[in-house]
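Trainee: Could you take me slowly through one part of this model, the packing of side chains in its interior, and describe how the charged pairs and the aromatic rings relate to it?

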Amino acid sequence: MTHPTTSVEDPADRARFVRTRMPEAGLFSGQNWRISPRPFSLGPELVEELQGLGRLLLQFNRSINLLYRQSLAGKQPRWVADWLDLGKPASLLETQRAAAFKSALPRVIRPDIILTETGPCITELDSVPGGIGVTAWLNQTYSAMQNGATAVIGGADGMMKGFAGIFDDAAAVHIVVSEEAQTYRPEMEWLAGQLGPRFQVRDARFTDFKEGDSVYRFFELFDLPNVPNAQAILDLALAKRIQLISPPKPIFEEKMLFALLWNRNLRNFWRQELGERFLEQLQKLSPYTWMVDPSPLPPQGGIPELELTDWQQLKGLSQRERELILKVSGFSDKAWGARGVFLGSDLSTADWATAVDLAIHSFPTSPHVLQRFLKPVLAKAQWFDFEKEQLTDMPSRVRLCPYYFVQGQGDAARANLSGVLATICPSDKKIIHGMSTAILAPCSV
């Protein structure tokens, strides 16, 4: 793919250039964002760390897959599988455990990374992320006016090549977008249009799949009952008649994976499967995470790092002690888009107690995790105000979403960084997510 470039230096002209390149149908249904004249610049050390992170996260996914299977087989503690199976229907658990998907791993890995006062912090991993098309469009658009001055990470077409590469040599790729994910349909339609007729966006009723096709699952597994063609897709994938990406394995849609990483009972497993260096690196990058499991503790037992002996005591923490995030682990319509997320220090005592009660009582069907809240660092950003025709400074907090696409099979698989999306929110927003007052920008070195 080749894309024409032009030299645009004036910030106002750059912002107009970006806006005029917006696809007619938009990229996010009913959503918009602020436009920065330039990519968000990252230091070379952080970029180097991001380049190597794909290998680490791919190995983490391999280890999670092994841990779950060994837990089912009695080679690791049974409570691991019990935790990961909470709230899932028996039919989905049977599918997850099927021989056809034994070694299947997500081919898209997107961590959410908050830039904090102590360094980058991965708050969660996503294997069915939004933003692929948007990031591809941003990379293409900003690269077109860079004039070689600053390299956008992934280049103009890295996201497109990366996404296309996960489907091997399938003759046709069907991107199935559920009703729940309709917000993201325009970005995937734009991306499919760029990639050519081999790629088609389908709704949740399309069933005309052919032998050897690939299906990109743009719907979460909790939403299966609302996706009419889901069972047909699963049956074809089980029979190995189509390739399904990402595999129907809800273990990879759980935020409790970091709680497993930090659990001392599994330390030897992580050392063996990740190696000491990868384990230290991953723990350095991820906040301490607890599973809110209300199982009784012995009289001398305690919850590590919190000095609590019962989850009910979480309600009694002072506001200063509540620098904690409580959120749904997964398999829930509240597990994405900053829904079901509670920042303890931002809530009244009564509201925090309500959130804690919800987490405790919903454990059997919709478990929650608790994470340390690491304060995002202040950053400088600018956006162009088209109404006032002026460049506007915005003290900000930043979330980075690097996109890794996994190509190759087995031990030969590699996770390649293809682009990085920066979501830049006003500094008064403590929970960072897409919003109309945020800047969306590609990242550059």
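Mentor: What follows looks at the nonpolar cores, and then at the aromatic rings and charged pairs.

Bear in mind throughout that this is a predicted model. The largest nonpolar core has 62 residues, and those with the most contacts inside it are L260, W270 and L400. Among the elements that supply this core, helix α2, which spans residues 44-72, gives the most, with 11 residues. L400 is a useful place to begin, since its surroundings can be listed: leaving aside residues up to four places away in sequence, L400 touches F40, L42, L46, P111, D112, I113, L115, V420, L421, A422 and C443.

One of those contacts, D112, leads to the charged pairs, for the side chains of D112 and R399 meet in a salt bridge, with 4.0 Å from N to O. This pair links distant parts of the chain, because R399 belongs to strand β13 (residues 390-407) and D112 to strand β2 (residues 108-116), and the two residues are 287 apart. Both R399 and D112 are buried.

A second, separate core of 47 residues includes W137, M160, F163 and F199. Three of these names, W137, F163 and F199, return in a cluster linked by ring pairs, which joins F28, W33, W137, F163, F167, Y184, F199, Y216, F218 and F405. Across the structure, the count comes to 19 aromatic pairs. In one of them, F163 and F199 form a tilted pair, with 6.2 Å from centre to centre and 40° between the planes. Here too the partners come from distant parts of the chain, F163 lying in helix α6 (residues 158-165) and F199 in strand β5 (residues 199-202), 36 residues apart. F163 is buried, as is F199. Another tilted pair is formed by Y288 and W290, whose ring centres are 4.8 Å apart and whose planes make an angle of 45°. Y288 counts as buried because its relative accessibility is 13%, and W290 is likewise buried, with a relative accessible area of 4%.

Rings also meet charges in this model. The charged end of R19 sits over the ring of F386, 3.7 Å from the centre of that ring, while the charged end of R34 sits over the ring of W383, at 4.0 Å from its centre.

To return to the salt bridges, the structure holds 18 of them, and their partners need not be buried as R399 and D112 are. K161 forms a salt bridge with D157, the closest N and O atoms being 3.8 Å apart. In that pair K161 is partly exposed, because its relative accessible area is 48%, whereas D157 counts as buried at 11% relative accessibility. The cut-off that separates these two descriptions is 20%, since buried means under 20% relative accessible area. E276 and R271 form a further salt bridge, in which the closest N and O atoms are 3.2 Å apart. E276 is partly exposed, with a relative accessible area of 40%, and R271 is partly exposed as well, at 37%. Finally, D13, R16 and E389 are joined into one network by salt bridges that share partners.

Terms used
Residues numbered from 1 in each chain as written. Predicted model: local features only at pLDDT ≥ 70, side-chain atom pairs only at ≥ 80, totals over all residues. Heavy atoms only, no water. Helix = DSSP H or I, 4+ residues; strand = E, 2+ residues; numbered from the N terminus. Buried < 20%, exposed > 50% of the residue type's maximum accessible area, 1.4 Å probe, protein only. Phe/Tyr/Trp six-rings, centres within 6.5 Å; stacked < 30°, edge-to-face > 60°. Lys NZ or Arg CZ within 6 Å of the ring centre and 35° of its normal. Core = buried A, V, L, I, M, F, W, Y, C linked by side-chain atoms within 4.5 Å. Contact = heavy atoms within 4.5 Å.
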